[in-house]
Amino acid sequence: MKVIILDDWEKHVCNQTSISRLREHFEVEIYHDKPTKEILLERLQKADIVIPIRERTRFSKELLQEMRNVKYIAQTGSGLAHIDMDEVNRLQMIVSTTPGGSNAVVELVVAFMLAYSRKIIPLHHKMKEGIWQETIGFSLEDKTIGIIGLGKIGAGVARIAQAFNMKVVAWGPRLTEERAKEHGVEYCSLEQLLKRSDYLSLHVRLVPETTHLLKADHFDMMKKEACLINTSRGEVIDEEALIQALRENKIGGAGLDVFTQEPISSDHPFLQLDNVILSPHIGWKTDRMLNRFIDTAVENILSYYIEQQPTRIVNPIEK
């Protein structure tokens, strides 16, 4: 059987010891490029098992229908928004996922907060210009962070914020007051959270109910100096409304790791704004996390095919 690994753009996967274990049982090919649709399809038609690197390849209904021999998708990470799961189930393909990634995202949220509060990016550029800028930043202590979505990542952000002696409030589409209390966090309505927060951090999955969860009227409720941080998914925010809010200084700034279209275009409005800190969807991307994703994806494949004890299958198929 043949395993193909897609989208190893950083050429990191080749060095994993777990790949050697995989080669003991399967033919393995690793691709590092960004192929055309035709080349991608040609590769997939030769595969029995696919390991995608995160969500870099979108498995649409049309693409899945052309993957004639693929029986198993060993997804890295837990996100499945890029896979048409209805079609996967109709075709009786198996999909497994890998846990992890939450700590890496938490670290990036903290990096955004510190960079914004201490004005690190503009001061860095001034120093590069030979200017010793006299500027006062502000402390995180006693500031309020509002967290939308208190899952693993949101709860992790809450713990770090509490260590900075920040006040933490939370809301989520399914968050309860009881669960918020379990994390030592105050539960409040979305409207109250927006009005109170100095920092707003998004940690919800992209599903129909969270698409454009934040719109223009929500930005109108926020503090003028507030910083919005999105490491979730770009579509959770109405980007046009956010751009307008940033242009008009309705909020202080934003730290964005995710976007509606990725990569963003070279003329994207975000690139023209001085009150935005941008990163290219790196929330999950640390050596530790990528190693864990690949090792666990390989473990899932070997458990299913060699040990015949399936693990982390999200859609068990009845034979």
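Which residue of β11 is the bridge partner of Asn230? The points below answer this and go on to the rest of the predicted model.

1. **The β10–β11 pair.** The partner of Asn230 is Leu256, in β11. The two strands, β10 (residues 227-230) and β11, run parallel and are joined over 4 bridges. In β11, Gly253 and Gly255 point one way. Ala254 and Leu256 point the other way, and all four are buried.

2. **The sheet around that pair.** β10 and β11 belong to an open sheet of 7 strands. The order is β8-β7-β6-β9-β10-β11-β12, with parallel pairing. Which strands stand at the edges? They are β8 (186-187) and β12 (276-278). Each has a single partner strand, so one side of each is left without a neighbour in the sheet. As general background, strands of a sheet pair through backbone hydrogen bonds, either parallel or antiparallel.

3. **The largest nonpolar core.** This core has 30 residues. Ile148, Phe219, Leu228 and Phe270 touch the most other members. Elements that each supply at least two residues are β7 (167-171), α9 (190-196), β9 (199-202), α11 (239-247) and β11 (253-256). Helix α11 gives the most, with 5 residues.

4. **Ile148 in detail.** Which residues does Ile148 touch, not counting those up to four places away in sequence? The list starts with Trp171, Leu190 and Leu193. Next come Leu200, Ser201, Leu202, His203 and Val204. Leu213 and Leu214 complete the set.

5. **The cavity.** The structure holds 1 cavity of 30 Å³ or more. The space in the largest cavity is about 40 Å³. Its lining consists of Asn230, Gly234, Ile237, Glu239, Leu242, Leu256, Val258 and Phe270. The bridge partners Asn230 and Leu256 both appear in this lining. So does Phe270, one of the core residues that touch the most other members. By class, the lining has 5 nonpolar, 2 polar and 1 charged residues. For orientation, rolling a probe the size of a water molecule over the atoms shows where empty space is left.

6. **The largest pocket.** About 1400 Å³ of space lies here. The lining has 39 residues, and those closest to the centre are Glu55, Arg56, Thr57, Arg58 and Glu262. Helices α2 (37-44) and α3 (61-66) each supply at least two lining residues. How do the lining residues divide into nonpolar, polar and charged? The split is 15 nonpolar, 9 polar and 15 charged.

7. **The second largest pocket.** This one holds about 1000 Å³ of space and is lined by 38 residues. Ser78, Ile153, His203, Val204 and Arg205 lie nearest its centre. Two of these, His203 and Val204, are also touched by Ile148. Helices α5 (102-117) and α7 (152-163) are the elements that give two or more residues to the lining. The largest share, 3 residues, comes from α7. By class, the lining has 14 nonpolar, 15 polar and 9 charged residues.

8. **Strand β1.** Strand β1 (residues 2-6) is mostly covered, with 5 of its 5 residues buried. Lys2, Ile4 and Leu6 point one way. Val3 and Ile5 point the other way. The buried set includes a lysine, Lys2. β1 runs parallel to β2 (residues 27-30), and 4 bridges join the two. Within this pair, Ile5 stands opposite Ile30.

9. **Arg43.** Is Arg43 buried or exposed? Arg43 counts as buried because its relative accessibility is 13%, and the cut-off for buried is under 20%. The residue sits in helix α2, one of the helices that supply the lining of the largest pocket. Leaving aside neighbours within four places in sequence, Arg43 is in contact with Ile4, Tyr31, Asp33 and Pro35. Of these, Ile4 is a buried residue of β1. Arg43 and Met222 are 179 residues apart along the chain, and their C-alpha atoms are separated by 48 Å.

How values were computed:
Residues are numbered from 1 along each chain as its sequence is written. This is a predicted model: local features need pLDDT of at least 70, side-chain atom pairs count only at pLDDT 80 or more; totals for chains, interfaces and linings use all residues. Side-chain values use heavy atoms; hydrogens and water are left out. A nonpolar core is a set of buried Ala, Val, Leu, Ile, Met, Phe, Trp, Tyr and Cys residues joined through side-chain atoms within 4.5 Å. Buried means under 20% relative accessible area, exposed over 50%, partly exposed in between (1.4 Å probe, protein chains only). Contact means heavy atoms within 4.5 Å. On a 1 Å grid over the protein atoms alone, a cavity is a set of points where a 1.4 Å probe fits but cannot get out, and a pocket is an open set with protein on both sides within 12 Å along at least five of seven lines; lining residues have an atom within 4 Å of a point. Grid points are joined across faces, edges and corners, and a volume is the space filled by probe spheres set on the points. Ala, Val, Leu, Ile, Met, Phe, Trp, Tyr, Cys and Pro count as nonpolar, Asp, Glu, Lys and Arg as charged, and the others, Gly among them, as polar. Two strands pair if DSSP finds at least two bridges between them.
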